[in-house]
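Student: Can we go through the ligand site on this one? Let's have the structure up first.

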Amino acid sequence: MTATANDELKAELLEIALDAAHRAGAFLRDGRPDDLGVAATKSSAVDVVTEMDIASEKLITGLLAEVRPDDGVLGEEGADVEGTSGVQWVIDPIDGTVNYLYGLPGWAVSIAARKDGETLVGVVHAPMRGETYRAVLGGGAYVNDRPARVRPAPDLALALVGTGFGYLADRRTRQAEVLGQLISQVRDIRRAGSAAIDLCDVATGRLDAYYERGLNPWDYAAGDLIAREAGALTGGRPGDPLSTDLTVAAPPGLFEPLQARLDELGAWHD
Ligand code: LIP
C-alpha cells in the first residue's frame, strides 16, 4: 500500500471510529436507566455485563457494518467477525463497566482499528469527562483538539502509578501482594477502573505510569496506541509486547525501572 493510500485509510478509519464512539457515548450517557442492573456475569459474579454494554456494542458494530462491511470485528461482548479486508476493529463498548453500573463517571468507549495486526487508529471517548482521546499511527495523540504528551519521567519513587485488578479472587489476592510490595516504592497509586482511561491518563500526563495484569485486547488496543503516540513506551515483561499477561505504560526513563521492578515482583503471573 502506498504512503498516500495508507494515510487515506488511517483518516477514513479515524473518522469512522470517532463517529461510532461519540454515538455510543451519547447513547450510554443520556440513556442510562436509573434502575440499571446486571444482565449477565462472565468469569465471576463480579465480572458483570449490563444491557447497555450489549446495546452499545450492537450500535457500534451496526455502524461499522454499514460503512465497512468487509472488516473484521472483535468486541468484548461477543462480536467476533473474521472479515476479508485485513482491517479488524477492536471494541470495548463500555470500558469501566462496574463504574458505569454504579453511576461513577470513570468509563469510556474504546475503539481501535488494526490493519494486518498493527494498530493504525485508536479512539477512547470518555463522555463524563467531556474528552475524546485519539491517535493514528505516526500522527501523534490528541485529547479533544489539543496535542497529548506524557509527563516528563520522574524517578520511580516520585511516580503516580495507575493499576487495576481482575475479576477472579485468587488473581486479585496476587495482584494485591504485588501492589503491597510496590506501593512503598512509588509516590502513590490510583485505581480508577478503566484501563482505556488509565492509558490515556498516561498519554496526557495525569498519571506517570500504568500497569495491570489480565487485560483483554479490547481494554488496551486503543489506549496503547494513544499512549505511544503521546511519547510513552508500552510493553509487558522486558522485551515483550503488552498482552493479557502484563500491560505497562510510562515515558522512557520511568518505563524501564518500573518494568524491571514489576518483573522482579512477578506481576506477570498469578
Ligand atoms: C476493566 C478494565 C480495568 C480493570 C477492570 C476491568 P471492563 O474492563 O478497564 O482496568 O481493572 O477489572 O477489566 O471489564 O470494564 O471492560
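Tutor: A classing rule before we start: Ala, Val, Leu, Ile, Met, Phe, Trp, Tyr, Cys and Pro count as nonpolar, Asp, Glu, Lys and Arg as charged, and the others, Gly among them, as polar. Also, this is a predicted model.

Student: Fine. How do the residues of the shell around the ligand divide into nonpolar, polar and charged?

Tutor: Six are nonpolar, five are polar and six are charged.

Student: And which residues are the closest to the ligand?

Tutor: Gly96, Phe165, Tyr167, Ala195 and Glu212 are the closest, out of 17 that surround the ligand.

Student: Polar contacts next. What does the side chain of Arg191 do with the ligand?

Tutor: An N or O atom of the Arg191 side chain is 2.8 Å from a ligand oxygen.

Student: What about the backbone of Phe165?

Tutor: A backbone N or O atom of Phe165 lies 2.7 Å from an oxygen atom of the ligand. For Ile94, a backbone N or O atom is 3.5 Å from a ligand oxygen.

Student: How much of the ligand's accessible area does the protein cover?

Tutor: The protein covers 94% of the 380 Å² that the ligand has on its own.

Student: Switching to location. Which pocket does the ligand sit in?

Tutor: The largest pocket. Two elements, β5 (87-95) and β13 (209-212), give two or more residues to the shell. The largest share, three residues, comes from β5.

Student: Where does the ligand lie relative to domain 1 and domain 2?

Tutor: Between them, because domain 1 (3-147) and domain 2 (156-265) both give residues to the shell around the ligand.

Key. Residues numbered from 1 in each chain as written. Predicted model: local features only at pLDDT ≥ 70, side-chain atom pairs only at ≥ 80, totals over all residues. Heavy atoms only, no water. Near = heavy atom within 4 Å. Polar contact = N/O pair within 3.5 Å; in protein donor to acceptor, adjacent residues only side chain to side chain. Areas by Shrake-Rupley, 256 points an atom, 1.4 Å probe, with all protein chains shown as cover. 1 Å grid on protein atoms, 1.4 Å probe; cavity = no way out; pocket = protein on both sides within 12 Å on 5 of 7 lines; lining within 4 Å. Sits in = over half its atoms within 2 Å of the grid points. Helix = DSSP H or I, 4+ residues; strand = E, 2+ residues; numbered from the N terminus. Domains from an automatic or database assignment.
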